[in-house]
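Got your viewer open? Let's take a walk through this structure, one selection at a time.

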Amino acid sequence: MRLTLDDVAREARSRLDPALWDFFEGGAGEERTLRANVEAFDRLWLLPRVLSGVTCPETATTILGRRWDAPVGIAPVAYQTLAHPLGELATVQGAAAAAVLPVVISTFAGRDLDELAAARGGPLWLQVYCLRDRSMTRGLIERAQQAGFEALVLTVDAPHLGRGCVTCATTSGFRRTSFRRTLPGTTSRCRRHMPGRSSLRASTGR
Ligand SMILES: Cc1cc2nc3c(=O)[nH]c(=O)nc-3n(C[C@H](O)[C@H](O)[C@H](O)COP(=O)(O)O)c2cc1C
């Protein structure tokens, strides 16, 4: 039975190609930041509010003018179709079945923004890398807006990729992946000018 995140991770590991497992679960370099993040998360405890009534426990909150079931969102994770053909489609459907939470779709999603918005049945947010080609960034945002995405989540910490990520991004699994769903032209541009480099690196890195 799957009870904890570790259980889910173990099962995922048994099903995924090792290079893809490294991408999804590994960190950069010696993974010091990854370890520090896990330790920091482990130090967080729930704060019980006793004697406050338990008939209707309430975790809902309001973010950007909309009511959500809990003050957490689903973080953007690129390249989800590498793990499963349904990719982000499964993520938005699974999230919708569980609760009303913000789901952030990566710039490098493997599924169409339109189909994700239709499948979700609720608002989605778009994570945006400010690409060197500003017209590509603008096009992505406009398509998201037309599809009904409600908010942008700007990622500003990826001018360079960590070593682990670059290594994974050059494996054969990544080279087979198409990002034309969200960024038309990206894959071919990346292949033509920077063979063996990931789309993210080609578009944001130096
Ligand atoms: C496999 C993987 C892919 C990710 N892809 C993106 C992405 O496309 N855009 C982004 O802004 N952040 C991306 N992130 C960062 C996550 O959204 C998140 O901020 C980060 O993993 C920290 O949260 P965590 O400690 O819960 O893993 C990715 C993280 C992982 C592990």
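Start at the ligand and select Phe23, Phe24, Asn37, Ala75, Pro76, Val77, Ala78, Ser106, Phe108, Gln127 and Thr155: these are the residues around the ligand. A residue makes this list if its C-beta atom, placed from the backbone, lies within 6 Å of the ligand. Try colouring them by type: the shell splits into 7 nonpolar residues, 4 polar ones and no charged ones. Here Ala, Val, Leu, Ile, Met, Phe, Trp, Tyr, Cys and Pro count as nonpolar, Asp, Glu, Lys and Arg as charged, and the others, Gly among them, as polar.

Before moving on, know that this is a predicted model: local features need pLDDT of at least 70, side-chain atom pairs count only at pLDDT 80 or more, and totals for chains, interfaces and linings use all residues. Residues are numbered from 1 along each chain as its sequence is written.

Next, show the chain as a cartoon. You'll find 10 helices and 5 strands (DSSP runs numbered from the N terminus: helices are H or I with at least four residues, strands are E with at least two). Which strands make up the open sheet? Its order is 3-4-5, with parallel pairing (two strands pair if DSSP finds at least two bridges between them). Strand 3 and strand 5 (151-155) are the edges, each pairing on one side only. Strands 3 and 4 are joined by 2 bridges, and Ile105 has Leu126 in strand 4 as its bridge partner.

Keep Ile105 selected and add Leu116, Leu124 and Phe149. These four touch the most other members of the largest nonpolar core, which has 21 residues. Such a core is a set of buried Ala, Val, Leu, Ile, Met, Phe, Trp, Tyr and Cys residues joined through C-beta atoms within 7 Å; buried means that 20 or more other C-beta atoms lie within 10 Å of a residue's own. Helix 5 gives the largest share of this core, 3 residues. Across the 206 residues of the chain, 24% count as buried.

Now zoom in on Leu116. Leaving aside neighbours within four places in sequence, Leu116 is in contact (C-beta atoms within 7 Å) with Glu88, Leu89, Val92, Ile105, Arg111 and Leu124.

Last stop: colour by pLDDT, the predictor's confidence in each residue, from 0 to 100. The chain averages 84, and 79% of residues score at least 70. Where is confidence lowest, and where is it highest? Helix 9 (residues 186-193) is lowest, with a mean of 43, while strand 3 is highest, at 98. Over residues 187-197, pLDDT stays under 50. Where pLDDT is low, the predicted coordinates should not be read in detail.

How values were computed: Buried ≥ 20, exposed ≤ 12 C-beta atoms within 10 Å, placed from the backbone. Contact = placed C-beta atoms within 7 Å.
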